[in-house]
Amino acid sequence: MWTQDAMIYSLSFGIGCVLVVMGTKTSVTDLRDTFVNKKTKIFFIVAQHYITAPIYAIGLVKILELDTPRALGLLISSVTPPTVAASVTTFMVEGDVPLSITASVTTLVSSFICMPLVFTGQVYIINRDDVSLKIPYGQMCGILMYMVVLKGFGMGLKKYYEEDKSEHLEKINKVLKRGAVFSMFFALGMLVSSKKLLNSSFYAGPGWYKHYSSCILFIVGTGLISHISYTALNNRICPNMQTNAKERDAMLLTTIRKNPAIALSVTAISFKDYLNDEDYSTAFGLVFVNAMLLDWCTFPFVGILRKLRLGYVFKNPESPESPESPESPSIIEVVTTDVHVETPSYP
């Protein structure tokens, strides 16, 4: 169906624009310094994405007895690298933003090897006698390599324009942001126009609770597992994992905030020719719903951390009422892989 093809290519183009913009906001020097000084913490986050979360997803598949297409959708989501929104949420709780950004980039760069490899192992473990699925390893590596190259291209643009041509870089970013927003809304329109994909996303048939509970349990459970893991390591088990509150907040939120656009793109491109139409729609539908639920399920973590770290959730009761107070920064506009987010900064 042409609407599905249009949605796939629009998603890929949109996330490509976003990744280039992300690259232009990333300093190679800062990445290198953070990586050198906090290697153990970064490795912990990468391990959460490619070891702990995939194992937990397999457990959910078996406990909830998910059918094969939904299992594939959940497994794809579990091995997806984090999004730039991880650094945004980390900023909202005044966590270690450089650690979040560096870990996100490191996980993304390693994704074209780790994501298909770990997913192949997951499918092998859950494989049923009546299922014969050929893993589209080449397609998965291709789309992920495409994303890594675009991220690197953005970093190259930053290095080229950072000295005396910053206004040119801003113009390029403005065009890319508009292209990303248009592409994402166009892809959403194509999804809505496809009745089969829409019904699979908002499933209401037999066993509907498994469709939604698998996503919610995965997102919330991943956060809890991350918290328990670094708490145990921080308790003098691993000297290199002694962390402060800012680092722990970054590790938690970067683990939870997986990149929904990458999961959608990989699912759309990789499985289009390997699953029948009904199973393809079901797998894509679960990944799409998981992307929508991610923000809702992340908010409790952000709210609790803001209360613990800042003493309030929404607004500092001691701050002036005027939004134009010099102590209150203006709105920060952030383009994320979730299309576009305007995040109000907090005092």
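Which residues does Phe284 touch, not counting residues up to four places away in sequence? In this predicted model, the contacts of Phe284 counted in this way are Met7, Leu11, Leu191, Leu197, Leu264, Thr267 and Ala268. Two of these names recur in the description of the nonpolar interior: Phe284 and Met7 are among the residues with the most contacts inside the largest nonpolar core, together with Ile76, Met115, Phe119 and Val266. That core has 85 residues. Helix H13, which spans residues 277-310, supplies the largest share of the core, 13 residues. In soluble globular proteins, nonpolar side chains tend to be buried together.

The chain as a whole contains 13 helices and 2 strands. It has 347 residues, of which 52% count as buried. Contacts between residues at least 6 apart in sequence mostly span long stretches of the chain, as 82% of them join residues at least 24 apart. The exposed area of the chain is about 16400 Å², and 64% of this area is supplied by carbon and sulfur atoms.

Burial was also examined for single elements. Helix H5 covers residues 85-92 and is mostly covered, with 7 of its 8 residues buried. The buried residues of H5 are Ala85, Ala86, Ser87, Val88, Thr89, Thr90 and Met92. After H5 comes Glu94, which has a positive phi, near 60°.

A further buried position is Ser111, which lies in helix H6 (residues 97-126). Ser111 counts as buried because its relative accessibility is 0%, and the cut-off for burial is under 20% relative accessible area. With residues up to four places away in sequence left out, Ser111 touches Tyr50, Pro81, Pro116, Leu144 and Val148.

The surface of the model also carries nonpolar side chains. Phe185, Leu188 and Val192 form a nonpolar patch there, and their accessible area together is about 290 Å². Val192 belongs to helix H8, which runs over residues 166-193. The relative accessible area of Val192 is 48%. This residue is therefore classed as partly exposed, since exposed requires over 50% and buried requires under 20%. Val192 on the surface thus stands in contrast to Ser111: Val192 is partly exposed, whereas Ser111 is buried.

Methods. Residues are numbered from 1 along each chain as its sequence is written. This is a predicted model: local features need pLDDT of at least 70, side-chain atom pairs count only at pLDDT 80 or more; totals for chains, interfaces and linings use all residues. Side-chain values use heavy atoms; hydrogens and water are left out. Buried means under 20% relative accessible area, exposed over 50%, partly exposed in between (1.4 Å probe, protein chains only). Helices (H or I, at least four residues) and strands (E, at least two) are DSSP runs, numbered from the N terminus. Patches are made of residues with over 30% relative accessible area and no salt bridge: like charges are joined within 9 Å, nonpolar side chains (Val, Leu, Ile, Met, Phe, Trp, Tyr) within 5 Å. Accessible areas come from the Shrake-Rupley method with a 1.4 Å probe; for residues, only the protein chains shown count as cover. A salt bridge is a side-chain nitrogen of Lys or Arg within 4 Å of a carboxyl oxygen of Asp or Glu. A nonpolar core is a set of buried Ala, Val, Leu, Ile, Met, Phe, Trp, Tyr and Cys residues joined through side-chain atoms within 4.5 Å. Contact means heavy atoms within 4.5 Å.
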